[in-house]
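Q: I'm new to reading protein models and would love some help with this one. Could we go through a few features together, starting with charged pairs?

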Amino acid sequence: MLATLSVLVLFFLNPVLGVFQKLYCTISDSCDCDFKPSIKDLEWDLYKNLYGQHMAQDIVSEEVARFLQNKSPERPLVLSFHGSSGTGKTLVSYMLGNHLYGSAMSSPFVHQFIPTLHFPLPDQVEVYRGELKSWVQGNLTECARSVFIFDEMEKMPAGVVDILEPFLGPSHVVFRTNYRKAIYVFISTTGEEVINKAALENRQAGRDREEIKSEDLQDAIAQTVYRSNTSGFFHSSIIQQKLITRFVPFLPLSRRHIERCTRSQLCQQGSCDRSDVVEAVADDFSYSPVQGQYFSPTGCKGIPAKINLFL
């Protein structure tokens with residue numbers, strides 16, 4: 001009898017709760033109301049708009065899906081993007097923000113840090129550590145689902161991000177806030193030599209690009225960012241404690257990827273049929289190694305400016 005009564009109460013109560021939730025969200029800008037993750041849209045965006053990055057597509061979609069499906073994760077999701085300039089690292093971080101929150105990258109719960117803006121002075125590390133700890137803790141207290149994006153980690157003063165170590169582990173809970181639901185994304189060019197070497201050797205061996213496995217690069221990237229004195233993770237306890245969920249390699253882009261980037265930009269301007277511009281832009285890029293003409297050192301950066309030259 002009690003079980004039947006409970007079912008009836010829930011049956012009639014759920015619609016009421018739904019109404020109150022909708023009403024609450026019309027007058028509130030709370031984290032729960034804005035958090036509207038769409039894994040399918042993220043996967044489609046990665047597939048459609050990220051070129052030449054099969055490892056990044058697979059890792060990001062798999063790790064984000066696994067993390068969000070777990071209602072009580074043991075630790076935050078921590079992804080570290082590595083690769084040459086113009087290969088899509090920042091683009092993927094934007095895709096992530098766009099498909100997690102209803103207000104996308106403009107959400108107050110998506111936080112971006114740029115070393116040259118937020119941590120510009122190498123002799124102020126202790127000050128920055130205190131500020132960063134306060135920022136992260138304050139935002140996590142307000143929203144457990146906060147997203148923190150750290151761009152240009154190669155310009156981050158060594159030691160600053162180590163203050164985050166307690167937040168990235170499996171047991172840090174403060175003021176009854178679950179810090180394990182946050183997502184951290186670190187973006188860096190450090191490690192590009194390791195990744196580009198693997199891509200070049202694969203190409204010279206006549207193998208398909210997709211044969212490169214992320215597992216073969218994880219340790220090499222970790223060691224590189226830990227040992228490099230131009231890395232924000234230089235001798236970092238975060239690396240020592242293995243608190244990075246996955247290192248995400250971004251491969252250098254070839255001419256065909258430059259052409260796809262160019263065509264995409266042209267389509268956004270309503271000029272999809274301008275194959276002549278696609279060819280001209282691709283021809284205007286330099287490629288390395290010179291003898292093989294394999295990869296663009298600058299990736300897809302600079303394409304909009306080049307398009308304007310040839311339209």
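Q: Which residue forms a salt bridge with Arg-246?
A: Start with the general idea: side chains of opposite charge can pair when their charged atoms come close. Keep in mind that this is a predicted model. Here Arg-246 pairs with Glu-63, and their closest N and O atoms are 2.9 Å apart. Arg-246 belongs to strand β7, while Glu-63 sits in helix α4 (residues 54-69), so the salt bridge ties together parts that are 183 residues apart in sequence.

Q: How many salt bridges does the structure hold?
A: Nine.

Q: OK, on to the sheet. In what order do the five strands come?
A: In general, strands of a sheet pair through backbone hydrogen bonds, either parallel or antiparallel. In this model the order is β2-β3-β6-β1-β7, the sheet is open and the pairing is parallel. The edges are β2 (110-113) and β7 (246-250); each has a single partner strand, so one side of each has no neighbour in the sheet. From one strand to the next, the twist averages 15 degrees.

Q: How many bridges join β3 to β6?
A: Four, between residues 147-150 of β3 and residues 183-188 of β6. For one of the partners, look at Ile-149, which is matched with Val-185 in β6.

Q: Which helices pack on the sheet?
A: Look at α5 (residues 89-98), which touches β1 (77-83), β2, β3, β6 and β7. The direction of α5 makes about 165 degrees with that of β6. Then there's α10 (residues 218-227), touching β1 and β7, with its direction at about 95 degrees to that of β7.

Q: What about two helices packing on each other, like α13 and α14?
A: Two packed helices are described by the angle between their axes and the distance between the axes. For α13 (residues 275-284) and α14 (residues 303-310), the angle is about 125 degrees and the axes are 9 Å apart. That's why the two helices are called oblique to each other. Their crossing is right-handed.

Q: Which residues in α13 meet α14?
A: Val-277, Ala-280, Val-281 and Asp-284 do, and they meet Ile-303, Lys-306, Ile-307 and Phe-310 in α14. Sorted by class, this contact has six nonpolar residues, two charged ones and no polar ones.

Q: Last one: where should I look for unusual backbone geometry?
A: Most residues other than glycine have a negative phi, and most peptide bonds are trans. In this model, a cis peptide bond joins Ser-288 and Pro-289, with omega about -10 degrees. Pro-289 lies in the loop between α13 and β9 (295-296). Also check Glu-152, whose phi is positive, near 50 degrees; Glu-152 is in the loop between β3 and α8 (165-168).

How values were computed
Residues numbered from 1 in each chain as written. Predicted model: local features only at pLDDT ≥ 70, side-chain atom pairs only at ≥ 80, totals over all residues. Heavy atoms only, no water. Axes fitted to C-alpha atoms, helices over the stretch in contact; angles between N-to-C directions. Parallel < 35°, antiparallel > 145°, perpendicular 65-115°, else oblique. Left-handed = near helix turned anticlockwise from the far one by under 90°. Contact = heavy atoms within 4.5 Å. Nonpolar A, V, L, I, M, F, W, Y, C, P; charged D, E, K, R; others polar. Pairing = 2+ DSSP bridges. Salt bridge = Lys/Arg side-chain N within 4 Å of Asp/Glu carboxyl O.
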